[in-house]
Amino acid sequence: MADTVASSSQLAGERGEDEVKHNGNGKKKPEDGKVFGIIPQEIKGDFGCIGCKFIKYFVNPTVMLLSVVIIWSFVIWCAVDENAATEIGKMQDAVTKYFGWFYISSLITFGLFATYLVFSRFGDIKLGHPDKPPKYSILTWFSMLFSAGVGVGLYFFGVAEPIFHFADMQAGNSRWYEGSINEQAMDALNVSWFHWGLTASAIYCVAALPLAYQHHVLGQPLRESICFVPLIGKKYADGIIGQLIDLTSVIGTMFGVATSLGLGVLQINAGLAFIFNVKQDLKTQLIIIWVITLCATGSVLTGLDAGIRRLSEINFGFSFILVFFMFFAGDAFYLLNLFIQGIGYHIQWIFELTFSTQAFEQEGFYDTSDGSQPQDGWMSGWTIFYWAWWIAWAPFVGIFIAQISEGRTVREFIIGNMLVPTLFTSIWLTIFGGVGLYNELASIQNDIDCETTSIATSDDDVPNATWFISTAAAEDDWYSEYNGRKVVKLSCYGTADMLFALLSTLPLSTTMSILALVGILTYFVTSSDSASHVIDVLTANGNEEPPKLQRIFWAFSEGAVASVLLGVDEEGGSLRALQTASLVAALPFCVVLLFEVLATYKTLRIHLGELKPEELVYWRYDIFECGNYYTSICIALICPPYYQMKTRLKLITLNEAQLNREDIDGVIRYVDGYADNAFKW
C-alpha cells in the first residue's frame, strides 16, 4: 500500500473539522473518529423519558457491546457445558507448551527496556506540566501502587507459595528436589521472590508509562490504544485496531478480577471459619462476594480520591501492622538472617531463573533412580502462568497507575513501580513465607504427618503381634512444639487456610486473624473498585468520569461473573477455567505490550526533538477505508478477489494523487489537508 507523511500543518491542528471531512474533489471523506467510517467512537446523552433524564450514558459502542457479548457468552458457556473447563485446560496446555519461550523472552525485553529508561536521557522527562507538583504524596502514591498491583495476591500467596514450592521439592516434583532440606527451603523462598520481583513489575511499567505520558503530557484520554498513535498514527489508534486493543484490555481486566474475587472469597471464608466457625460452603461464599461487590460499588461511586485513595491508605496501614506483628511475634533474628541471606541468594540465581525455560523438564525427562517425579507441569503451573497472569492484569493496573502518577518523572515512575513493590514483596515473603517455612521445617523435625496417624493395636487371634491402623489425622495432630514455640505443618492445609493456620500458632491469634481478614477484604474491595473504574473508563472511550450508572453496571458485573462461575462448580472448576482463559487472553496482549515498547521509545524521542513528527510515515487509505460502504462490503463477501483488485487500484490512485511534487528539501510530503487527522501531536 502507498503511505503518507503527516505535514506540519496537520500536527499543529490548523484545519477545522469541516475541512477535514472533504477532499480536493469536494467529495466527503469518511469522518474521523468513526470505525470503518460508520460506527462512532462514542455516544452520549440520557434516556430521554420522563423521570429518566438524570440517567446519563457515555460509551464507546464498539468496545462496550463486544465486551458484554464476549464476557457473558463465555460465562454462559461455562455454565451450560460440562466440558468447558476441560477444553480450556487443553488451551492452557497448548499455550504454555508452544509459547512459554515467548512469555519469558517478552518479560526479559520489558525488564531490559525499563532498566534502560532509568539510566537513559529519557529519565528526566516529567509526566505532566513541568511546574506542577505530583498529585499525590509519595506515601499515598506507594500505597495506591501496592493496593492495585500486588496487595491482594500477597495475602493469598504470601504464606502459601513458599510452602507449595517446598512441598513440591520434598515430593520430587520440581527441579530443586536434590538439595538438603535447608537448601530446599531457601530455594522455595527464592523462587517466590522471583515470581513477585523485578521482572514481573516491569510489565506494569511498560503498560503504564506510555499511558501516563499521553494522558498527563498530551492530554489524551486514558485508553491503551492511544499509546500507539506515534507508531501507527491517530487514524488507526482511533480505528478498528485501537478498538481491538481496548477490547482486549477490558476482557483481560474483567476475567482477571473476577477470578481473583472468587479466590479471595475462599480465603475470607476460610478466615471466618477459623475465627467464628462459619461454615465453608457455596452459600456463604456467595454472600461474601456480594458484600465485597456492594462495598466496591460504594467506593467507585465516591470516585478515585475519596474512595479508592482512602481505602488504599487504610489497607496499606493494615498491612504494616500485620507485617510488624509477624516479624516480632516470630523469631526476629531468624527473619533478619533469612532476609540478608535471601538477597545474596537471589542475586546469585536471578539470571538463571529469568532465562530458564526448563526445556528438558518440560519434555518429561527426570531421574528415575532417586525417587524424583516427572516435572513437566511445574513451569506451566508456576512461572509461565505467573507471567501470563501479570500480563492479563497489565491493562487494568497500567491505566490505574498512569492515572495516579501525574507529576512524576520517568525515572521516579519506573523506580516507584519496580524497586519499591519488589522490596516490599521481598520483605513480605521473607516474613510470612519465612515464618511459614519455620513451621514446616519444625514439623518435619517433629515427624508430623499430614495424611494419616498410625494407631497401635493387637489381635487376640495372633499372639505377640502388633498391628498399626492408619486413620485420617485430626487437625490437632498437625500442631506440635519446637524450641518452646507452637508450630503447625502448613502443607496439611489448603491455600486459603494457610495464613490463618499460621496466625493460630502466634500470640493474639484471634485479634490478628480478624485484622488480616479486614485487610484481605479491603484489598479486594480496592482491587474490585479500581478494576470497575478502569473498565468504565475504557468502555467510555477514555472519559475519566463516566456516568455513575455505568460504574454500577461494571461493579455488579464483576460480582455476577464471580458468583455464576463459583456456583457452577463448588469445587472451583469454572473459576479455574476462567483463570485459564485469562492465561490464554494474555498472549495477544503480550504482543500488544511488545509493540508498546516501540511506541514508547518513539514517543520519548519525539518529546526530546530527536524525531520530527512531520516526517513520520503513516497509512492514509487502506483496505478498511475502501470498504466503508455497504455495497463494497457485500461485494467483498461474495467475490473477495474483485474487491481486493478494486481496493488496490483505489489505494494507488488516492495516495499518488496527493503527492506534493514541488518539494525541494528532500522530504516527501503530501498536500495540506490530506489525512489531517492521520497524526496529531
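This is a short walk through the structure above, from the whole chain down to a single residue.

Keep in mind as you look around that this is a predicted model. Let's begin with the whole chain. Its secondary structure consists of 23 helices and 10 strands. Of the 681 residues in the chain, 56% are buried. How far apart along the sequence are the residues that touch? Among contacts with a separation of 6 or more, 76% join residues that are 24 or more positions apart.

Now find helix H6, which runs through residues 160-171. With 12 residues, H6 reaches 16 Å from its first C-alpha to its last, close to the 16 Å expected at 1.5 Å a residue. Which residues of H6 are buried? They are Ala160, Glu161, Pro162, Ile163, His165, Phe166, Asp168 and Met169. Just after the end of H6, look for Gly172, whose phi is positive, at about 80°.

Next, move along the chain to helix H17, residues 410-445. H17 has 36 residues and spans 50 Å between its first and last C-alpha, close to the expected 52 Å. Follow H17 with your eye and you will come to a kink of about 30°, centred on Gly416. This helix is mostly covered, with 27 of its 36 residues buried. Just past H17, Asp447 has a positive phi of about 60°.

H17 also brings us to an open space in the protein, since it helps to line the second largest pocket. That pocket holds about 510 Å³ of space, and 17 residues line it. Nearest its centre lie Gly111, Leu112, Thr115, Leu198 and Met418. Which elements give two or more residues to the lining? They are helix H4 (84-119), helix H8 (198-216), helix H13 (332-355) and H17. The largest share, 7 residues, comes from H4. Sorted by class, the lining has 13 nonpolar and 4 polar residues, and no charged ones.

Let's finish with one residue of H4, Thr109. Is Thr109 buried, partly exposed or exposed? Buried would mean under 20% relative accessible area and exposed over 50%. Thr109 has a relative accessible area of 35%, so it counts as partly exposed. Now look across to Thr199: it is 90 residues away from Thr109 along the chain, and their C-alpha atoms are separated by 9.5 Å.

Conventions: Residues numbered from 1 in each chain as written. Predicted model: local features only at pLDDT ≥ 70, side-chain atom pairs only at ≥ 80, totals over all residues. Heavy atoms only, no water. Helix = DSSP H or I, 4+ residues; strand = E, 2+ residues; numbered from the N terminus. Expected span 1.5 Å × (residues − 1). Bend = angle between axes of the 7 residues up to and from the residue. Buried < 20%, exposed > 50% of the residue type's maximum accessible area, 1.4 Å probe, protein only. 1 Å grid on protein atoms, 1.4 Å probe; cavity = no way out; pocket = protein on both sides within 12 Å on 5 of 7 lines; lining within 4 Å. Points joined across faces, edges and corners; volume = space filled by probe spheres on them. Nonpolar A, V, L, I, M, F, W, Y, C, P; charged D, E, K, R; others polar. Contact = heavy atoms within 4.5 Å.
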